[in-house]
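Biologist: Please take one part of this model and go through it closely, then place it in the rest of the chain. Keep the terms explicit, with their cut-offs.

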Amino acid sequence: MAEIGYDLLGAGFEDRVHPPAKVAVTLDLLTAAGIPAQEVLRGTGIAVDDLASPSTRISLSQLMSCYGNAMRLSHDPLLAFRIGSKIHISAYGMYGYAMLCSTNTRRTMEFAARYHLLATPATSISFAERDGTALWTIEPVPHPRLDPPLYAFVAELQMGIHLSLHRDIIGEQFTPATSALPAPRRRDPQRSRQRWGAWCATASRRIPWPMMQAGWTCRRRWATGRPMPP
């Protein structure tokens, strides 16, 4: 199968065209930890009340600013993954509904990759099948403020989203076969595996940023054209 990806043509980093769901989830997690909402949203141009309005739209630059604040304010090394894991398919509106209505898992994955632009994308994603294995590749968008720590944060957050959405679609039993992460910010590979599961590995530190990629492989049974579980 040919690899499927997407790009950001048609939407600039400053264009306010995306729903604020990812900002809202980030805010909820950090305020639950006792961090003031105004600190989470500092410098983003987003007010707390904006997040309750269905008409609110944000830009990718505003999202990146929120993620930068989250990194600065929290000492949780798994914060990015926790944020991603809290984002479910119901947050994606018609895009999410279309994924749920797909007739089989392969088509769902192809559709998700093709129309990822609808999901406030801080990363590009691509999906392919090789040698009986489904492969996802996640690459943070080349935003001007992206540095190595934010690159790793965004990649890990997207991996959390991927796991959450796969479980929404396929079932809670879904587990990736293997995964590779960008070089860690504050943890070593052994602790990563202990916290994230045996399927998680860490990319070589010798891979220079921004050539690092986060990716994972999914066992064949989750990527074939068989109908999805009811």
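Modeller: What follows begins with the whole chain, turns to the packing of one helix pair, and then covers other sites.

This is a predicted model, in which local features need pLDDT of at least 70 and side-chain atom pairs count only at pLDDT 80 or more, while totals for chains, interfaces and linings use all residues. Residues are numbered from 1 along each chain as its sequence is written, and side-chain values use heavy atoms, with hydrogens and water left out.

The protein chain has 8 helices and 5 strands; helices (H or I, at least four residues) and strands (E, at least two) are DSSP runs numbered from the N terminus. Their order from the N terminus is α-α-α-α-α-α-β-β-α-β-α-β-β. Of the 230 residues, 52% are buried, where buried means under 20% relative accessible area, exposed over 50% and partly exposed in between, with a 1.4 Å probe and protein chains only. Contact means heavy atoms within 4.5 Å. Among contacts with a separation of 6 or more, 73% join residues 24 or more positions apart.

The part for the close look is the meeting of helix 3 (residues 60-73) and helix 7, whose axes come within 11 Å and cross at roughly 100 degrees. That makes helix 3 roughly perpendicular to helix 7. Axes are lines fitted to C-alpha atoms, for helices over the stretch in contact, with angles from 0 to 180 degrees between N-to-C directions; under 35 degrees counts as roughly parallel, over 145 as roughly antiparallel, 65 to 115 as roughly perpendicular and the rest as oblique. From helix 3, Met64, Tyr67, Gly68, Ala70 and Met71 meet Pro149, Leu150, Phe153, Val154 and Leu157 of helix 7. These residues divide into 9 nonpolar, 1 polar and no charged. Here Ala, Val, Leu, Ile, Met, Phe, Trp, Tyr, Cys and Pro count as nonpolar, Asp, Glu, Lys and Arg as charged, and the others, Gly among them, as polar.

Helix 7 (148-170) also takes part in the packing of helix 6, whose buried residues pack against helix 5 (93-100), strand 1 (123-130) and strand 2 (133-140) as well. In helix 6 (residues 105-114), the buried residues are Thr105, Thr108, Met109, Glu110, Ala112 and Ala113.

Ser85, in helix 4 (residues 79-85), is partly exposed at 26% relative accessibility. Beyond its neighbours within four places in sequence, Ser85 is in contact with Gly160, Ile161 and Ser164. The C-alpha atoms of Ser85 and Gln158 are 8.8 Å apart, with their positions 73 residues apart along the chain.

After helix 7, the loop leading to strand 3 (178-181) holds Pro176, which is buried at 0% relative accessibility.

The structure holds 5 aromatic pairs. The ring centres of Phe127 and Trp136 are 5.0 Å apart with planes at 45 degrees, so this pair is tilted. Rings of Phe, Tyr and Trp (its six-membered ring) pair if their centres lie within 6.5 Å; planes under 30 degrees apart count as stacked, over 60 as edge-to-face and the rest as tilted. Phe127 is buried at 0%, and Trp136 is buried at 3%.
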